[in-house]
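Reader: I am new to protein models and would like to learn how to read one. Could you take me through a few features, step by step?

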Amino acid sequence: MFPKLLALFILVPLAELALFIVLGSRIGLVPTLAIVLFTGVLGAWLTKSQGTRALRRFREALAQGRLPHAEIVEGLMIVVAGALLLTPGFLSDAVGFAALIPSVRAGMRKFLTAYLLTRLAPAGALRNGSPAEEPPNPKVAKDKIIDVEVVDK
């Protein structure tokens, strides 16, 4: 995992820098900086509007008594998209804008949820056809019986 992250943190900034240089040489410094500023402002506005909608859907799910897991994942994706849009760079902007499109975000959410379900086992999940073993609790001895009497006042 560490080599992949290291490569990501080295290659992405290099690609962003290369795009800045290529675009800056083609259209000039001022237009390039104007594009970066514009995408930052537009990204902040879109993130706020999408975030407000996600918060409303989260509250509606709670009001209906549903577990708002999809709304939580989408809200986190919107936060990440906003961070990518506020970061100067054209690749990060492309990923950030894509994550703010509801249909693209829904596909990303399904992929992310499926990936996380393969990586994480829910509590009480079946493993190899049998219930998952409970972790031992050192505070409770299984062979010790405690007799208790409840007294109402």
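**Arg-109 and its surroundings**

Author: Let's begin with one residue: Arg-109 is buried, with a relative accessible area of 19%. Please keep in mind that this is a predicted model.

Reader: Why does Arg-109 count as buried?

Author: The cut-off for buried is under 20% relative accessible area. Arg-109 has 19%, so Arg-109 counts as buried.

Reader: Where does Arg-109 lie, and which residues does Arg-109 touch, not counting those up to four places away in sequence?

Author: Arg-109 lies in helix α5. With those sequence neighbours set aside, Arg-109 touches Ala-70, Val-73, Glu-74 and Met-77.

Reader: Which residue forms a salt bridge with Arg-109?

Author: To read a salt bridge, look for a side-chain nitrogen of Lys or Arg within 4 Å of a carboxyl oxygen of Asp or Glu. Here the partner of Arg-109 is Glu-74, and their closest N and O atoms are 3.0 Å apart. Glu-74 lies in helix α3 and Arg-109 in helix α5, so this pair ties together parts that are 35 residues apart in sequence. Glu-74 also counts as buried, at 11% relative accessibility.

Reader: Which residues do salt bridges with shared partners join into one network?

Author: That network consists of Arg-57, Glu-74, Arg-105 and Arg-109. Within the network, the side chains of Arg-105 and Glu-74 meet at 3.2 Å, N to O. This pair links distant parts of the chain as well, since Arg-105 is in helix α5 (residues 102-119) and Glu-74 is in helix α3, 31 residues apart.

Reader: How many salt bridges does a search of the whole structure find?

Author: The search finds four. One of them joins Arg-66 and Glu-71, with 3.5 Å between the closest N and O atoms. Arg-66 is partly exposed at 41% relative accessibility, whereas Glu-71 is buried at 13%.

Reader: Let's turn to nonpolar residues. Which residues make up the largest nonpolar core?

Author: The general idea is that in soluble globular proteins, nonpolar side chains tend to be buried together. In this model the largest nonpolar core has six residues: Ala-54, Ile-78, Ala-81, Leu-85, Ala-99 and Leu-100. Helix α3 (residues 69-86) gives the most to this core, with three residues.

Reader: Which residues is Ile-78 in contact with, leaving aside neighbours within four places in sequence?

Author: The contacts of Ile-78 include two other core members, Ala-54 and Leu-100. Ile-78 is also in contact with Thr-47, Gln-50, Gly-51 and Arg-105. You have already met Arg-105 as a salt-bridge partner of Glu-74.

Notes
Residues numbered from 1 in each chain as written. Predicted model: local features only at pLDDT ≥ 70, side-chain atom pairs only at ≥ 80, totals over all residues. Heavy atoms only, no water. Core = buried A, V, L, I, M, F, W, Y, C linked by side-chain atoms within 4.5 Å. Buried < 20%, exposed > 50% of the residue type's maximum accessible area, 1.4 Å probe, protein only. Helix = DSSP H or I, 4+ residues; strand = E, 2+ residues; numbered from the N terminus. Contact = heavy atoms within 4.5 Å.
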